[in-house]
Amino acid sequence: MLTFTGSSHAGAPAERRTAASAAKTAPGQAATAGELRDAPLGYRANGRAGSLVTGATAAPPFKKLWTRDSGRVVSAPVAVGGKVFAVVNADDGTEGGPRMMLVGIDAATGEDLWPSGQPAVRLEQNEPQAGVAYGGGLLYTQTARGTIAAWDPATGRQKWSLKLASATMQYPPVRYDGLVYLHDGRGTALALRADTGAKVWEAPLSEYAAAPTVVDASGVWIGFDSLGRHHLDLKTGAEPHSFHVPGVWGAYGHPVVLGAGAAWTRSDASGDVTVIAWDQKTGKAVRKLPADATPVFGPGRVYVAHLGKVRALDSSTYKAAGTCTSSVEAATVRLVAGGYVYVEDADGRLVVLDEKTGKVTWSYRRYPEPHPRSIILAEDDARGFVVPGIATSASRLFVLSADGTLIAFGKA
């Protein structure tokens, strides 16, 4: 059982404060302060690739409000205010392949958000993988082969679209301070105008990567397989720093996440299942911890999972403030929101813990318990066609079920 004591509450990230001061600008330029406080805007798709929602209004215990089957959900859901969005594969088995659709849903009722005759918006490039994120009044989608598009969440109408020449993409783009940042998975990073999609710059990367794009005031961060990462200038794409660690290897891009004053990357190389914290200016390794999942940050806390044991560490002293252990030796923290820690236990349950006391406040079985001999990976980001994630907004919680349907929960 987790037991947290002496929790310190850090201030909101810099991009949240900046957005609050620019809340009245045009769509695509800045998200409103309320939207940023109460929604994650997409799994690892906020600027820091984190999963912290400091002002979340959702709180357990929850009750099921509705279940929505508009096709198998293939993206992490995104909820903003009274709306929830997701990319689904709407093929009913008769079309000979995937049919990727962006759907908008009323968060209170589960009904279609957009007018009759336009319940969903078809995406180009119907490969079975796509993602969606929100920022500054617009939705942004990507397909695995590199079609980037912006959509009006009120109407479902497309604002702009850009097709990359070649791409292998897994995560949606990230909006930050009027620009949209992404990389194509094939060695090129790009910045686009958030309101028009016009290209601002593109920059070469040293190798292919599958990791999310991460952005803060210091620049754009992109991890790649050999446990290095690029650090690019926000306005030009120039590279003030490139960090590489010879001889350390692991697949799937080693996602960078920013927290506790450092840039963290995960290694899954044989015999080196760790996360490493790097000084953002010098590239020097300042901390190394055993972990088989990307760390998640909360106020004054770093949550690190290894072999099913989730540890809450004080972000100043790195002393353990509590632990939670999975019966199947695999678990991942997906969200820290409004004083609660949401743990995806690989035994099939979503478990919600009180951030201060560590007590289980609610749980829900999303999947059947796995066979005892099953091979289970704690971090699902890099396998299958679904980037996992949990959405929360306006006192509601949105999660995926085992069959790919979307479930909404509200206050019990």
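**Entry 1: the S24–S27 sheet**

I started with the open sheet of four strands, ordered S24-S25-S26-S27 and paired antiparallel. Note to self: this is a predicted model. I asked which strands stand at the edges. They are S24 (296-298) and S27 (320-325); each has a single partner strand, so one side of each is left without a neighbour in the sheet. I also looked up the turn between neighbouring strands here, and on average it is 20 degrees, direction ignored.

**Entry 2: S24 against S25**

Next I went through the pairings. S24 and S25 are antiparallel, with three bridges between them. I picked out Val296, whose bridge partner in S25 is Tyr303. The two strands make a hairpin with two residues between them. In that turn I found Gly300 with a positive phi of about 75 degrees.

**Entry 3: S25 against S26**

How many bridges join S25 to S26? I get six, between residues 301-306 and residues 309-314, again antiparallel. This pair is a hairpin too, with two residues between the strands. Here the positive phi belongs to Leu307, near 50 degrees. I checked cover on S25 as well: five of its six residues are buried, and I put the strand down as mostly covered.

**Entry 4: Arg301 and Asp314**

I stayed on this hairpin for one pair. Arg301 in S25 has Asp314 as its bridge partner in S26. Their side chains meet as well, in a salt bridge of 3.6 Å, N to O. The two residues are 13 apart along the chain, with Asp314 in strand S26 and Arg301 in strand S25. Are they buried or exposed? Asp314 has 17% relative accessibility and counts as buried. Arg301 is at 1% and counts as buried. The cut-off I used for buried is under 20%, so Asp314 at 17% falls within it.

**Entry 5: other salt bridges**

I then listed salt bridges for the structure, and there are nine. One of them joins Lys235 to Asp177, with the closest N and O atoms 3.9 Å apart. That pair links distant parts of the chain, 58 residues apart. Lys235 is in the loop between strand S18 (228-232) and strand S19 (241-243). Asp177 is in the loop between strand S12 (174-176) and strand S13 (179-183). I have Asp177 down as partly exposed, at 48% relative accessible area.

I also looked up Asp195 with Arg193, where the closest N and O atoms of the salt bridge are 2.6 Å apart. Both ends get a burial note. Asp195 is partly exposed at 26%, and Arg193 is partly exposed at 38%.

**Entry 6: Asp314 once more, then a network around Glu344**

Back to Asp314 for a moment: it is buried at 17%. From there I moved to a group of three, Arg334, Glu344 and Arg366, joined into one network by salt bridges that share partners. I wanted to place Glu344, and I found that residue in strand S29 (residues 340-345). Glu344 is buried, with 13% relative accessible area. I also took the C-alpha separation from Glu344 to Arg365, which is 10.0 Å, with their positions 21 residues apart along the chain.

**Entry 7: Arg396**

What does Arg396 have around it? I began with its location, strand S33 (residues 396-400). Arg396 is buried yet has no salt bridge. Its nearest side chain of opposite charge is Asp106, 6.2 Å away. The cut-off for a salt bridge is 4 Å, so the Asp106 distance lies outside it. I then listed what Arg396 is in contact with, leaving aside neighbours within four places in sequence. The list runs Ala58, Leu65, Gly82, Ala107, Ala108, Ala391 and Phe409.

**Entry 8: the whole chain**

I ended with the totals. The protein has two helices and 34 strands. It has 412 residues, and 58% of them count as buried. I looked up contacts with a separation of 6 or more: residues 24 or more positions apart account for 48% of these. The accessible surface comes to about 16,000 Å², and 52% of that belongs to carbon and sulfur atoms.

Methods:
Residues are numbered from 1 along each chain as its sequence is written. This is a predicted model: local features need pLDDT of at least 70, side-chain atom pairs count only at pLDDT 80 or more; totals for chains, interfaces and linings use all residues. Side-chain values use heavy atoms; hydrogens and water are left out. Two strands pair if DSSP finds at least two bridges between them. Axes are lines fitted to C-alpha atoms, for helices over the stretch in contact, and angles run from 0 to 180 degrees between N-to-C directions. Buried means under 20% relative accessible area, exposed over 50%, partly exposed in between (1.4 Å probe, protein chains only). Lys and Arg count as positive and Asp and Glu as negative; His and the chain ends are not counted. Contact means heavy atoms within 4.5 Å. Accessible areas come from the Shrake-Rupley method with a 1.4 Å probe; for residues, only the protein chains shown count as cover.
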